[in-house]
Amino acid sequence: MQASVTKNKNNLILTYILKNSVVKYIKENLGIIIGLAVMCTILSILSPAFLTKENIINVLRQVSTNANLAFGMTLAIIINGIDLSVGSILALSGTITAGLITFNNMPVITSVIIGIIIGISLGLFNGIVIAKTGIPPFIVTLAMYNIARGAAYVYTGGMPVRTMNEQFNFIGNGYLGPIPLPVIYTLIFLVTMYILMNKTKFGRYVYAVGGNRDAARFSGINIKKIEIAVYTIIGFLSGFSGIVLCARMYSGQPTVGVGFELDAIAACVLGGTSMMGGIGKIGGTVLGVLVIGVLNNGLNLLNINSFWQLIAKGVVILLAVYVDILKKKKK
């Protein structure tokens, strides 16, 4: 009897905590939630195919890559940094993984591990150069943008590397029940990043470094280690995403990932991450990713010219940054 009462009490406490967390999340992101709802309503009216089960799954699968990159980009922007090399690291990791399987007949698991190590190594290199030399992240990652992209072209000779390995292609095209595997990976990363940023000392240090670098230094936080860790995490997420995307497309393409860094940055800013640093949440980034994904999907369904799509995304990013500046002024 006593055990039953205790169980009911714990369930009530858990329900209360969840309810308050959901209410808090909605309040914090009310503007973008309303914007997303309005966008979905308009698109569902203009295109009957928009709200079908197949299209919703398709949107979730398409946004999974941007979500993975945006999670890492959120950390970079919070510490007052940025990473312009995510798309190129993604392309290099994917093409090398595909090449090891196709050209060298290496086992899938070994090739995937090497591809991930390449992503981690390039991210680590970015972090070390930024932390040790003081060169701005914009310059360092812009250089890596060219180095990794060039390496992908050199390795493939500028040609796609086809991968018809069933085991490898399952990584990008398989399902767990009705849910595509790329969406499952993203959910795992989402939970991991949420815990990392909200429940660990590392997360508190990331916010401290972005909020006030001098105060963080005087508090004994090793800023260089935090920077190196953040860019290494981004490298891992970029490399892993490149492998999954390569498996999904049945080929490693050196041209893939162009512009992905801009979508990731846009998702962060739309989700409330401040370009001034110190402010940003993974939960908000998820909403930003969904806005970008729904916008892309809706414009495709409406057969809007790709050139106009770029203009539309640019306008959305500009508005998001302007809203961020207005918020700062109010504070």
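What is the volume of the largest cavity? The exercises below work on a predicted model, in which local features need pLDDT of at least 70, side-chain atom pairs count only at pLDDT 80 or more, and totals for chains, interfaces and linings use all residues. Residues are numbered from 1 along each chain as its sequence is written, and side-chain values use heavy atoms, with hydrogens and water left out.

**Exercise 1. Describe the largest cavity: volume, lining and classes.**

Step 1. Fix the terms. On a 1 Å grid over the protein atoms alone, a cavity is a set of points where a 1.4 Å probe fits but cannot get out; a pocket is an open set with protein on both sides within 12 Å along at least five of seven lines; lining residues have an atom within 4 Å of a point. A volume is the space filled by probe spheres set on the points, which are joined across faces, edges and corners.

Step 2. Search the whole structure. There are 2 cavities of 30 Å³ or more. The largest has a volume of about 40 Å³.

Step 3. Read its lining. Among the residues are Leu90, Gly94, Gly242, Met249 and Val256. Two or more residues come from each of α4 (86–102), α11 and β4 (251–252). Helices (H or I, at least four residues) and strands (E, at least two) are DSSP runs, numbered from the N terminus.

Step 4. Sort by class. The lining has 6 nonpolar, 6 polar and no charged residues. Ala, Val, Leu, Ile, Met, Phe, Trp, Tyr, Cys and Pro count as nonpolar, Asp, Glu, Lys and Arg as charged, and the others, Gly among them, as polar.

**Exercise 2. Do the same for the second largest cavity.**

Step 1. Its volume is about 30 Å³.

Step 2. The lining is Ser64, Thr65, Asn68, Pro182, Thr186, Ser241 and Val244. α3, α8 (181–199) and α11 each give two or more of these residues. The largest share, 3 residues, is from α3.

Step 3. The classes are 2 nonpolar, 5 polar and no charged.

**Exercise 3. Characterise the second largest pocket.**

Step 1. The volume is about 390 Å³. Of its 17 lining residues, Gln62, Asn66, Phe260, Asp263 and Asn296 are the closest to the centre.

Step 2. α3 (53–78), α11, α12 (260–270) and α13 (282–301) supply at least two lining residues each. The lining divides into 7 nonpolar, 8 polar and 2 charged.

**Exercise 4. Place Ser238. Is Ser238 buried or exposed?**

Step 1. Ser238 sits in helix α11 (residues 223–249).

Step 2. Ser238 counts as buried because its relative accessibility is 1%. Buried means under 20% relative accessible area, exposed over 50%, partly exposed in between (1.4 Å probe, protein chains only).

Step 3. Leaving out residues up to four places away in sequence, Ser238 touches Leu69, Val86, Ile89 and Leu90. Contact means heavy atoms within 4.5 Å.
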